[in-house]
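Me: Please take me through this model with care, one question at a time, and set out the terms as you use them.

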Amino acid sequence: MENIKKNIREGEPSLELVEMTIPFVIGKNSNGEDKYIDLAAISLLMVSYSKDNQLTEVVGRLLQLNCDRNQMNYIIATSKIVQQNLHINNDVVFLKDDPEKSTVKSRLHLLKRVQREIKKRENVADKQELPHQFLIIDDVWDLVTAKPKSVGLSLMNILLDGVAIGVHTILASGLSYRNLLQQLVQINPSLTTELERRFGKPIPKQMNVLGTELIYTPDDLIFLKEEGEMEMKRFFK
């Protein structure tokens with residue numbers, strides 16, 4: 001609960017915040033009140049942005065949040081997005097624009113490391129005690145068409161298997177996620193089996209079925225569509 005109080009500028013935490021494990025402020029409502037989402041309850045957060053500084057701010061706050069909690073992050077991004085936050089907490093990092101400064105050889109090596117972490121966590125008896133970790137990926141469309149095809153397969157397995165054991169994926173892109181899932185399945189037909197295992201038939205076609213969507217517009221309006229919700233809610237920076 002100490003981290004909850006750090007996120008509140010003044011006054012006592014609301015009941016809603018007390019119930020949150022990892023409260024993350026995304027913007028303000030029409031009354032000027034902070035709007036929080038609980039990252040611990042979100043297995044997949046999709047961030048669409050129109051300006052680099054929007055994503056840089058989000059990633060910076062995510063990294064600082066886990067640094068305060070002394071947890072590791074896995075990051076695939078550019079040095080511009082990571083900026084001064086690089087290796088802030090012994091994170092596992094692949095820099096797309098500067099691979100030599102990365103802590104792993106490739107994106108696939110990083111994703112395989114996350115998969116090994118997931119397998120290790122699946123054998124833990126009390127999964128409630130597992131620390132939460134973030135996998136942050138910028139420009140995820142790069143991974144959809146990446147070779148070998150095992151890159152896309154690893155990503156989808158992480159999305160499906162990380163949900164119950166505290167591995168949360170944050171996908172960022174300047175493009176819409178609408179047909180990302182269709183593209184992944186088209187390139188990797190074996191993903192159909194994985195999707196049927198979780199959802200049955202028919203399998204979902206759009207990525208937003210799998211998680212929460214956060215959209216930053218050019219004029220800094222913020223739209224939130226939570227998993228299972230039909231409509232997007234509007235907030236302000």
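The questions below move from the whole chain to one helix, one set of strands and one residue.

Me: How far can local features be trusted here, and how are residues numbered?
Reply: The model is predicted, so local features need pLDDT of at least 70 and side-chain atom pairs count only at pLDDT 80 or more, while totals for chains, interfaces and linings use all residues. Side-chain values use heavy atoms, with hydrogens and water left out, and residues are numbered from 1 along each chain as its sequence is written.

Me: What share of the residues of the chain counts as buried?
Reply: Buried means under 20% relative accessible area, exposed over 50% and partly exposed in between, with a 1.4 Å probe and protein chains only. Of the 237 residues of the chain, the share that counts as buried is 48%.

Me: Does the span of helix α5 agree or disagree with its number of residues, and what is the distance between its end C-alpha atoms?
Reply: Helices are DSSP runs of H or I with at least four residues, and strands are E runs of at least two, numbered from the N terminus. The expected span is 1.5 Å times one less than the number of residues. For the 16 residues of α5 (residues 107-122) this gives 22 Å, which agrees with the distance between the end C-alpha atoms, 23 Å.

Me: Which residue caps the N-terminal end of α5?
Reply: A polar contact is a pair of N or O atoms within 3.5 Å; within protein, one must be able to donate a hydrogen and the other to accept it, and residues adjacent in sequence count only if both atoms are side-chain atoms. At this end of α5, a side-chain oxygen lies 3.4 Å from the backbone nitrogen of Leu 108, and it belongs to the capping residue, Ser 106.

Me: Which residue of β9 is the bridge partner of Leu 214?
Reply: Two strands pair if DSSP finds at least two bridges between them. Strand β8 (residues 212-216) is joined by four bridges to β3 (residues 44-48), running parallel, and by four bridges to β9 (residues 221-225), running antiparallel. On the β3 side, Leu 214 is the partner of Val 47, and in β9 its partner is Leu 224.

Me: Is Asn 73 buried or exposed, and what is its relative accessible area?
Reply: Asn 73 is found in strand β4 (residues 73-77). Taking contact as heavy atoms within 4.5 Å, Asn 73 touches Leu 63, Asn 66, Asp 91, Val 92 and Phe 134, not counting residues up to four places away in sequence. Asn 73 is buried, with a relative accessible area of 0%.
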